[in-house]
Amino acid sequence: MAGPDPIKTLLYTVNNLLQQEKYKAVLAILKGFRNGAVYGAKIRAPHALVMTFLFRSGSLKDKLKAILKATYTHSRNLAYFVFTYKGLQALQQKIQGKSLQSHSFLAACVGGWFVFGDNNNINSQINMYLLSRILFALSRLAVEKGFIPQPKHDPFPLFATLVWGIVLWLFEYYPHTLQPSLQSSMTYLYHDSNVWHDISDFLVYNKPRTAAQR
């Protein structure tokens, strides 16, 4: 007579463990690590693929290595950050017996320092992405709290005007101050479009093809 299926037994044990309330905080930290890794890979891989094949030179092998490295770095850093943030939040709540707004801020500060404090291209993109979001959010919060009056007119057109005016001024006269990927995008749009030799690099390709590419 056959014994119990070990796979079913293992699944039953694991599922039973996942339902235990006393382990919920630890399990939430572990799932946060998993979600950080998955989400980081999902959003970085397509971006790295497009940017690498559009703007990076080199062999196919070099390009694929660059894509994998960028995806791994983003996925790892986001997983580490979520793990650190949720772990420190749970620790503070356990120590003080309740959840406070300061717990979120302090936990994220520590995670930001140790995970996203390294000045590299991936962290720079993530931090600048968040900066734009929090500036919008803080502006809305300031209005909600009454620190600044509700605008009588939609400020978005003025915002767009200043953003595009400033970024193109910086690109044309101080391009070294902009992030490399943004420089590459703007060079493609505004400077490469000033140069062509015939119909091939005017309409079909951005730059003339070399003999090796033909």
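Search the whole structure for aromatic pairs and you find nine of them. To count here, rings of Phe, Tyr and Trp (its six-membered ring) must have their centres within 6.5 Å; planes under 30 degrees apart are called stacked, over 60 edge-to-face, and the rest tilted. Before we go on, keep in mind that this is a predicted model, where local features need pLDDT of at least 70 and side-chain atom pairs count only at pLDDT 80 or more, while totals for chains, interfaces and linings use all residues. Residues are numbered from 1 along each chain as its sequence is written, and side-chain values use heavy atoms, with hydrogens and water left out.

Let's start with Phe81 and Phe116. Their ring centres sit 5.5 Å apart with the planes at 50°, so this pair is tilted. Phe81 belongs to helix 3 and Phe116 to helix 4, so the pair ties together parts that are 35 residues apart in sequence. Helices here are DSSP runs (H or I, at least four residues), numbered from the N terminus. Phe81 counts as buried at 17% relative accessibility, and Phe116 is buried too, with a relative accessible area of 9%. For these labels, buried means under 20% relative accessible area, exposed over 50%, and partly exposed in between, using a 1.4 Å probe and protein chains only.

Both rings also turn up in the largest nonpolar core, which has eleven residues: Ala48, Ile67, Ala70, Leu78, Phe81, Tyr85, Ala107, Val115, Phe116, Ile122 and Ile126. A nonpolar core, in this sense, is a set of buried Ala, Val, Leu, Ile, Met, Phe, Trp, Tyr and Cys residues joined through side-chain atoms within 4.5 Å. Helix 3 (60-96), helix 4 (101-116) and helix 5 (121-144) each put in at least two residues, and helix 3 gives the most, with five. As a general point, nonpolar side chains in soluble globular proteins tend to be buried together.

What does Phe116 touch, beyond residues up to four places away in sequence? The list is Asn77, Leu78, Phe81, Gly111, Asn123, Ile126 and Asn127, where a contact means heavy atoms within 4.5 Å. Take Leu78 from that list: Phe116 and Leu78 are 38 residues apart in sequence, yet their C-alpha atoms are 8.8 Å apart in space. Leaving out residues up to four places away, Leu78 touches Gly36, Tyr39, Gly40 and Phe116. There is also a second, separate core of five residues, which includes Val167, Leu168, Leu178 and Met186.

Two other residues are worth a stop on these helices. Thr71 is found in helix 3 and is buried, with a relative accessible area of 13%. Setting aside residues up to four places away, Thr71 touches Ala41, Arg44 and Ala45. Over in helix 4 we have His103, buried with a relative accessible area of 2%. Apart from its neighbours within four places in sequence, His103 is in contact with Gln89, Gln92, Gln93, Gln96 and Lys98.

Now back to the rings. Phe33, Tyr80 and Phe83 are linked into a cluster by ring pairs. Phe156 and Phe159 make another pair, with centres 5.5 Å apart and planes at 50°, so that pair is tilted. They are three residues apart in helix 6 (residues 156-173), which separates them by about one helical turn. Phe156 is partly exposed at a relative accessible area of 47%, and Phe159 is partly exposed at 35%.

Phe159 brings us to the largest pocket, with a volume of about 1,400 Å³. Of the 31 residues that line this pocket, the closest to its centre are Met128, Ser132, Phe136, Phe159 and Val163. Helix 5, helix 6 and helix 7 (180-191) each supply at least two lining residues, and the largest share, eleven residues, comes from helix 5. A pocket here is an open set of points on a 1 Å grid over the protein atoms alone, where a 1.4 Å probe fits, with protein on both sides within 12 Å along at least five of seven lines; lining residues have an atom within 4 Å of a point. Grid points are joined across faces, edges and corners, and the volume is the space filled by probe spheres set on the points.

Helix 7 also holds Tyr190, which counts as partly exposed at 30% relative accessibility. Not counting neighbours within four places, Tyr190 is in contact with Trp164, Leu168 and Phe171.
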